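Dear colleague,

Please find below the structure that I am handing over to you, followed by a short account of what was found in it. I would be grateful if you would read the account with the structure open beside it.

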Amino acid sequence: PFASLAGGGTLSLEMELLSRLTGDPSFGQAAKLASRAIWMRRSGDLDLLGKHIDVKSGKWTETLSGIGSNSDSFYEYLIKHYTLFPDDDDFWT
């Protein structure tokens with residue numbers, strides 16, 4: 001099974017909000033771990049992210065990088081997360 005870059009990162013915002021509304025931090029923590037795991041798999045040469053990743057192995061199944069479908073939402077949600085939750089230091093460390 002694989003996930004698109006966008007799909008792997010877009011849940012951070014929704015799950016962090018769910019954690020804050022319910023008082024259960026596990027939702028936000030799980031989504032942050034997923035986003036962080038993707039971010040840590042940037043290419044060694046240019047620090048770019050692929051478009052599709054195998055969710056079990058953590059290896060990119062499509063290594064092409066760019067802005068557009070399957071990619072842009074990941075970056076968009078990083079910005080939105082910071083804008084809505086600037087106090088969320090755990091997300092950025």
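Let me begin with one residue: F74 is buried, as its relative accessible area is 2%, and the limit for a buried residue is under 20%. Please bear in mind that this is a predicted model.

The residue Y75 counts as partly exposed, with a relative accessibility of 28%. There is one aromatic pair in the structure. It is formed by F74 and Y75, whose ring centres are 5.6 Å apart. Their planes stand at 85°, so the pair is edge-to-face; planes over 60 degrees apart count as such.

A further ring contact concerns Y77 and K80. The charged end of K80 sits over the ring of Y77, at 5.0 Å from the ring centre.

I turn now to the pockets. The largest pocket holds about 160 Å³ of space. Which elements each supply at least two residues of its lining? They are the helix α3 (26–39) and the strand β2 (52–54). Of these, α3 gives the most to the lining, with three residues. The residues that line the largest pocket include A34, A37 and I38, as well as I53 and D54. Also among them are A3, G8, R41, V55, K56, S57 and G58. Sorted by class, the lining has six nonpolar, three polar and three charged residues.

Yours sincerely,
A colleague

Technical notes
Residues are numbered from 1 along each chain as its sequence is written. This is a predicted model: local features need pLDDT of at least 70, side-chain atom pairs count only at pLDDT 80 or more; totals for chains, interfaces and linings use all residues. Side-chain values use heavy atoms; hydrogens and water are left out. Rings of Phe, Tyr and Trp (its six-membered ring) pair if their centres lie within 6.5 Å; planes under 30 degrees apart count as stacked, over 60 as edge-to-face and the rest as tilted. Buried means under 20% relative accessible area, exposed over 50%, partly exposed in between (1.4 Å probe, protein chains only). A charge sits over a ring if NZ of Lys or CZ of Arg is within 6 Å of the ring centre and within 35 degrees of the ring normal. On a 1 Å grid over the protein atoms alone, a cavity is a set of points where a 1.4 Å probe fits but cannot get out, and a pocket is an open set with protein on both sides within 12 Å along at least five of seven lines; lining residues have an atom within 4 Å of a point. Grid points are joined across faces, edges and corners, and a volume is the space filled by probe spheres set on the points. Helices (H or I, at least four residues) and strands (E, at least two) are DSSP runs, numbered from the N terminus. Ala, Val, Leu, Ile, Met, Phe, Trp, Tyr, Cys and Pro count as nonpolar, Asp, Glu, Lys and Arg as charged, and the others, Gly among them, as polar.
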